[in-house]
There are 2 protein chains.
Amino acid sequence: MARTPVWKSIAIALTDDIAQGRYETGGKLPAEAQLSARFGVNRHTVRRALAEMAEQGLVFPRRGAGVFVAAKPTDYPIGKRVRFHQNLTREGRNPAKQILTLETRIAAPREANALQLDPGAEVHVYDGLSLADGQPIALFQSIFPADRFPGILDALQEQHSVTAALQKLGVEDYTRIETRITAKLATAMQALHLKIAEGSPILRTTGVNADPQGQPVEFGRTWFAGDRVTLTVGRET
Amino acid sequence: MARTPVWKSIAIALTDDIAQGRYETGGKLPAEAQLSARFGVNRHTVRRALAEMAEQGLVFPRRGAGVFVAAKPTDYPIGKRVRFHQNLTREGRNPAKQILTLETRIAAPREANALQLDPGAEVHVYDGLSLADGQPIALFQSIFPADRFPGILDALQEQHSVTAALQKLGVEDYTRIETRITAKLATAMQALHLKIAEGSPILRTTGVNADPQGQPVEFGRTWFAGDRVTLTVGRET
DNA sequence: ATCACCTATACAACTAGACAAATGTTATCC
DNA sequence: GGATAACATTTGTCTAGTTGTATAGGTGAT
């Protein structure tokens with residue numbers, strides 16, 4: 001008889017604990033040392049179990065911090081109206097944005113082209129991190145034409161929402177012209193921000209939003225943590 | 001596999017920011033707390049990165065005030081007249097040279113060719129280290145035809161400047177015929193002298209200087225610390 | 001004999017929080 | 001207006017805890 005290894009039973013026990021809600025999603029599991037004491041095994045044996053669970057996306061470890069219970073993948077609809085706050089609150093999740101950098105620079109050719117600007121025109125750039133229930137979901141970069149929205153960086157600093165900032169500057173509505181989606185691997189920096197392993201899969205989308213007159217107002221790039229997000233297309237609302 | 005620690009990537013990112021001019025010389029970096037938010041790590045991890053940069057003399061912290069940028073990577077113009085002292089004093093930096101070795105030997109074929117000497121002719125060789133504000137910038141090797149400048153080693157020992165030494169021997173002016181630039185990785189010896197890590201990027205330039213009559217007077221090789229120097233071409237003054 | 005499984009130990013890398021010390025800013029008082 | 005006090009911000013230091021990685025060795029089933 002092939003007995004099941006100890007580490008597998010531990011993984012099953014912990015998985016059951018999570019399923020029973022004994023550990024909240026997003027919450028921290030007891031430290032490996034404590035778990036090894038609880039199960040009466042070596043720390044490495046517990047690690048073997050946790051590694052299995054991490055592979056299945058059930059938990060994710062953070063060096064120096066602990067092992068956390070992963071949340072279910074977020075459904076993120078991509079359509080004519082892409083609104084971060086709306087998308088998440090509709091799913092009953094708590095959205096938040098975190099500013100990484102705000103800067104002004106000369107537009108790269110690719111960016112100038114997307115925004116229909118002359119080469120060498122200035123743009124405002126908003127780098128940030130999107131979170132759902134406190135967990136990082138995506139990195140994004142929003143680029144705005146500087147001459148049309150001179151004060152947008154201040155507006156973004158006050159209220160982290162792109163929609164709100166644009167509204168304050170006179171754009172009541174905007175729609176997504178086009179979205180491109182490709183798969184990438186996380187760079188070290190991206191992995192750091194998204195709290196995933198370097199080389200984990202990333203969903204990269206680029207898109208242009210335009211006002212009702214068809215004038216581009218934003219060129220955006222987003223890097224979703226592939227394990228935590230599922231993009232959905234074609235469920236227009 | 002020895003992955004690069006997070007703090008090291010942060011140090012590199014910040015160093016790059018400074019090199020790109022996103023933080024002015026003498027200006028203040030964002031507070032450690034803000035940087036830790038931007039990079040998504042603990043404050044101590046940022047401190048580790050800043051400590052490294054401070055060690056290299058790139059930034060200096062002031063308790064209660066902030067962390068300030070000490071110096072940008074040096075802009076080193078490569079043109080018709082390449083003068084180490086001039087180049088640096090013009091940027092308000094304090095140049096210095098350090099003699100490593102002075103020797104006389106038979107010219108290698110490559111060197112004889114550059115100086116238009118017969119094979120087997122003797123050359124004087126000046127190996128040295130260039131510093132800006134006490135920080136090593138580059139390793140260099142200057143090679144002179146021995147028969148034309150018999151006393152140049154003594155002249156170089158008195159005043160470390162190539163320009164001054166040549167002037168003393170009757171060359172009032174000289175111009176750069178040609179400069180070649182390639183990228184290398186630092187050997188252990190170079191890393192030691194330049195106080196950089198082994199395997200760091202090196203800018204290697206070779207060039208020939210000639211007197212107004214077109215006669216080659218010096219064949220020079222220089223190894224710049226890539227992190228600390230930016231070569232600029234085509235901004236003749 | 002080999003291999004998966006497990007133990008044991010040590011150190012590196014990172015997080016977390018708290019408090020001290022220096023500095024810069026603002027309010028207050030006379 | 002100028003000195004002073006109070007407060008907020010920022011770097012420096014310390015302690016403690018957690019995960020990641022490497023090395024070495026033991027045990028039992030096939």
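**View 1. B:Asn42, B:His44 and B:Thr45 at DNA strand C.** A backbone N or O atom of B:Asn42 sits 2.9 Å from a phosphate oxygen of DNA strand C in this close-up. The model is predicted. B:His44 reaches a base instead: one of its polar side-chain atoms lies 2.3 Å from a base oxygen of DNA strand C. The side chain of B:Thr45 places an N or O atom 2.3 Å from a phosphate oxygen of DNA strand C. Two or more residues each come from helix H1 (6-19) and H3 of chain A, and from helix H1 (6-19) and H3 of chain B, to build the surface near DNA strand C.

**View 2. The wider surroundings of DNA strand C.** DNA strand C has 23 residues around it. Nearest are A:Val6, A:Thr45, B:Val6, B:His44 and B:Thr45. Of the strand C atoms that come within 4 Å of the protein, 71% belong to sugar and phosphate. H3(A) contributes the most to this surface, with 3 residues. Sorted by class, the surface near DNA strand C holds 10 nonpolar, 8 polar and 5 charged residues.

**View 3. B:Arg43, B:Arg47 and B:Gly64 at DNA strand D.** This view takes in a base, a phosphate and a sugar or linking oxygen in turn. B:Arg43 has a polar side-chain atom 2.7 Å from a base nitrogen of DNA strand D. For B:Arg47, an N or O atom of the side chain is 3.1 Å from a phosphate oxygen of DNA strand D. B:Gly64 uses its backbone: an N or O atom there lies 3.4 Å from a sugar or linking oxygen of DNA strand D. In chain A, helix H2 (32-39), helix H3 (43-55), strand E1 (59-62) and strand E2 (66-69) each give two or more residues to the surface near this strand. In chain B, helix H3 (43-55), strand E1 (59-62) and strand E2 (66-69) do so.

**View 4. The wider surroundings of DNA strand D.** DNA strand D is surrounded by 26 residues. The closest are A:Glu32, A:Arg43, A:His44, B:Arg43 and B:His44. Sugar or phosphate makes up 65% of the strand D atoms within 4 Å of the protein, and bases make up the rest. The surface near DNA strand D divides into 9 nonpolar, 7 polar and 10 charged residues.

**View 5. The interface of chain A and chain B.** Here 10 residues of chain A contact 11 residues of chain B. The two chains bury about 780 Å² between them, with 55% of it on carbon and sulfur atoms. There is 1 salt bridge between chain A and chain B. The side chains of A:Glu103 and B:Arg22 form a salt bridge at 3.6 Å, N to O. Across the interface, 3 residue pairs are in polar contact, both residues at pLDDT 80 or more. Strand E4 (95-106) and helix H8 (188-194) of chain A each supply at least two residues of the side that touches chain B. E4(A) has the largest share of that side, 4 residues. By class, the side of chain A that touches chain B has 3 nonpolar, 3 polar and 4 charged residues.

**View 6. B:Arg83, a buried arginine in a loop of chain B.** B:Arg83 lies between strand E3 (74-78) and helix H4 (84-89) of chain B. B:Arg83 counts as buried because its relative accessibility is 6%, and the cut-off is under 20%. Its side chain makes a polar contact with the side chain of B:Asp173, at 3.2 Å. Beyond neighbours within four places in sequence, B:Arg83 is in contact with B:Tyr76, B:Thr163, B:Asp173 and B:Tyr174.

Technical notes:
Residues numbered from 1 in each chain as written. Chains lettered and ligands numbered in written order. Predicted model: local features only at pLDDT ≥ 70, side-chain atom pairs only at ≥ 80, totals over all residues. Heavy atoms only, no water. Buried < 20%, exposed > 50% of the residue type's maximum accessible area, 1.4 Å probe, protein only. Polar contact = N/O pair within 3.5 Å; in protein donor to acceptor, adjacent residues only side chain to side chain. Contact = heavy atoms within 4.5 Å. Near = heavy atom within 4 Å. Nonpolar A, V, L, I, M, F, W, Y, C, P; charged D, E, K, R; others polar. Buried area = accessible area lost by both parts, 1.4 Å probe. Salt bridge = Lys/Arg side-chain N within 4 Å of Asp/Glu carboxyl O.
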